[in-house]
Amino acid sequence: MFVIIIFALLLGYSNAKGLTVSFKNTIESYAPQQPQLVWQIKSNDTCQSITLSYPNNFEHTCYIESVKADTIQCQLPLPYLKRGRYLLKPIKIASNYPFGLVNVWSYIQPSHAVYVYPSIIKTPNYKQLSQITANDDGNEKHQGDDEFESLITHLPEMGLQRISWKHYAKTQQLLVKQFSDFKSADTQFDFNLMTGDTEQRLGQLCYLVCQAFESDINYSLNLPNKVIENGSGKLHQQRCLQALSSVGTDYE
């Protein structure tokens, strides 16, 4: 029996030797969905029975039967369902090859944090998605619209595309239509203008941020503990969602 155990130890060590496990990125989620960690795994030789696990999360592990020379990806779910920002704990990489008699393991500590965003709550505050201004006639203009504003004198460098030929027929003057683009106007999403308790307000703001991203609207975010300046795009959305996740919570 002793010889078998020694033999199993040698096989277990040689099986895990050359295994490379590297952290790729996090897949953040909206409560109550679990976030996930994405790992890249490869081995110089065939490596069998690899398990990645998170502390106190034995129900959700990532098991890989065999790793060869090709790089494979593994998604490890995390046990976080509530909104918040979570510092990652050490990840255990283990193998019980062969026979399950021995267990070879190591730990890796990612330096990243993972976010669980607020649950998306559809809000009746649709008007916050458009910045409304008024023209001289009192008519409303909505953010993102290209509105006719005035006629100006045509200059040689302007070309002929924007000339108002209707006005030329009446006045014999070359006039050019000028438009105003209101897409750059500021829209502010304010925690204090939402309704309900803290989680409901954060969920409504989460909805507005996602809608603004889909509509390519510039917006700022006003929270009890932080103000995010006007911006747009994917990185701006991520920054806002992470700020929403961190409102009133302790770092874990």
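A disulfide is taken here as a pair of cysteine sulfur atoms within 2.5 Å. By this rule, the predicted model holds one disulfide. The bond joins Cys-62 to Cys-74, with an S to S distance of 1.4 Å. The pair links distant parts of the chain, its two cysteines lying 12 residues apart. Cys-62 belongs to strand β5, which spans residues 62–67. Cys-74 sits in strand β6, made up of residues 72–77. Both Cys-62 and Cys-74 are buried.

Cys-206 takes part in no disulfide. The nearest cysteine sulfur to that of Cys-206 belongs to Cys-210, 4.5 Å away. The cut-off for a disulfide is 2.5 Å, so a sulfur pair beyond it is not counted. Cys-206 is itself buried, at a relative accessible area of 0%. Cys-47 also has a relative accessibility of 0% and therefore counts as buried.

The cysteines are set within a chain of four helices and 17 strands. The chain has 252 residues, of which 37% are buried. Its exposed surface amounts to about 15,000 Å². Carbon and sulfur atoms supply 51% of that area. Contacts were also sorted by separation along the sequence. Among those between residues at least 6 apart, 60% join residues at least 24 apart.

How values were computed: Residues numbered from 1 in each chain as written. Predicted model: local features only at pLDDT ≥ 70, side-chain atom pairs only at ≥ 80, totals over all residues. Heavy atoms only, no water. Buried < 20%, exposed > 50% of the residue type's maximum accessible area, 1.4 Å probe, protein only. Contact = heavy atoms within 4.5 Å. Areas by Shrake-Rupley, 256 points an atom, 1.4 Å probe, with all protein chains shown as cover.
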